[in-house]
Amino acid sequence: MDIVSHGLAGLVVARAAAERLPRARAVAVLAGAVSPDLDAVAKLWDPVASIAVHRVVTHSFLGGIPLALAAAGLVRLVTRGGFWQLAGFAYAGLLSHVLLDAFTPFGTAFLWPLDRRRWSVGSLHVIDPTVGLIFVAGLLLT
């Protein structure tokens, strides 16, 4: 999925968690939702990183934990909130990212480091405006 859809999905997760979610927690969910795509910077030094690195470590249940902790730390620097609560919300956003990417043909390596295989349902395009519109509608209706 594209980064905009991931951000919107993170906001939907935040809205689903509570009708009136404190800004720090919403920012943590959003940061967690976009953080797995940080592995895209590997393309700067490795032209095949899109195939070899993307959607492996940062898109796994275990590999996402350090990302969620880092996102919570960054959010904690600029907002108020308990670190562990922010980390939990960031991890929820990260999980929305991983699960959405599992619906694309490329899939994700959920189980890394136990298994490097990418798992995929393969029912959505990587850039799917319909999914983004569904998330926008979900935000507007709630």
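This text walks through a predicted model, from a pair of helices to two salt bridges and an unusual peptide bond.

Start with the first two helices. Two packed helices are described by the angle between their axes and the distance between the axes. Here the axes of α1 and α2 come within 8 Å. They cross at roughly 145°. The crossing of α1 past α2 is right-handed.

Now look at who meets whom. From α1 come Ile3, His6, Gly7, Gly10, Leu11, Val13 and Ala14. From α2 come Ala26, Val29, Leu30, Ala33 and Val34. These two groups of residues meet where the helices pass.

Take alanine 14 as a guide to this contact. Alanine 14 sits in helix α1. Is alanine 14 buried or exposed? Its relative accessibility is 3%, so alanine 14 counts as buried. Leaving out residues up to four places away in sequence, alanine 14 touches Leu21, Ala26 and Val29. Arginine 25 is another residue to find from here. Along the chain, alanine 14 and arginine 25 are 11 residues apart. In space, their C-alpha atoms are separated by 7.5 Å.

Isoleucine 3 gives another view of helix α1, where it lies. Isoleucine 3 counts as partly exposed, because its relative accessibility is 42%. The cut-offs explain this label: buried means under 20%, exposed means over 50%, and partly exposed is in between. Beyond residues up to four places away in sequence, isoleucine 3 touches Val34 and Asp37. Compare its place with that of leucine 21. The two are 18 residues apart in sequence. From C-alpha to C-alpha, isoleucine 3 and leucine 21 are 22 Å apart in space.

Isoleucine 3 also belongs to a nonpolar patch on the surface. Its partners there are Val4, Leu11, Leu30 and Val34. Together, the five residues have about 360 Å² of accessible area. Two elements, α1 (3-17) and α2 (23-34), each give two or more residues to this patch. Which element gives the largest share? It is α1, with three residues. Valine 4 is one of the patch residues, and it lies in helix α1. Valine 4 counts as exposed because its relative accessibility is 55%.

Move further along the chain to serine 60. This residue is in the loop between α3 (49-52) and α4 (64-78). Why does serine 60 count as buried? Its relative accessibility is 0%, so it falls in the buried class. Setting aside residues up to four places away in sequence, serine 60 touches Leu94, Val98, Ala109, Phe110 and Trp112. Leucine 100 is another landmark. Serine 60 and leucine 100 are 40 residues apart in sequence. Their C-alpha atoms are 12 Å apart in space.

Next come the salt bridges. How many does the structure hold? There are two. One joins arginine 55 and aspartate 101. Their closest N and O atoms are 3.3 Å apart. This pair links distant parts of the chain, 46 residues apart. Arginine 55 is in the loop between α3 and α4, while aspartate 101 is in helix α5 (residues 83-101). Both arginine 55 and aspartate 101 are buried.

The other salt bridge brings together the side chains of aspartate 115 and arginine 117. Here the N to O distance is 2.7 Å. The two partners do not share an accessibility class. Aspartate 115 has a relative accessible area of 14%, so it is buried. Arginine 117 has a relative accessible area of 52%, so it is exposed.

Finish at one peptide bond. Most peptide bonds are trans. The bond from tryptophan 112 to proline 113 is cis. Its omega is near 10°. Proline 113 lies in the loop between α5 and α6 (129-141). Tryptophan 112 has appeared before: Trp112 is among the residues that serine 60 touches.

How values were computed. Residues are numbered from 1 along each chain as its sequence is written. This is a predicted model: local features need pLDDT of at least 70, side-chain atom pairs count only at pLDDT 80 or more; totals for chains, interfaces and linings use all residues. Side-chain values use heavy atoms; hydrogens and water are left out. Patches are made of residues with over 30% relative accessible area and no salt bridge: like charges are joined within 9 Å, nonpolar side chains (Val, Leu, Ile, Met, Phe, Trp, Tyr) within 5 Å. Accessible areas come from the Shrake-Rupley method with a 1.4 Å probe; for residues, only the protein chains shown count as cover. A salt bridge is a side-chain nitrogen of Lys or Arg within 4 Å of a carboxyl oxygen of Asp or Glu. Helices (H or I, at least four residues) and strands (E, at least two) are DSSP runs, numbered from the N terminus. Buried means under 20% relative accessible area, exposed over 50%, partly exposed in between (1.4 Å probe, protein chains only). Axes are lines fitted to C-alpha atoms, for helices over the stretch in contact, and angles run from 0 to 180 degrees between N-to-C directions. A crossing is left-handed if the near helix is turned anticlockwise from the far one by less than a right angle, and right-handed if clockwise. Contact means heavy atoms within 4.5 Å.
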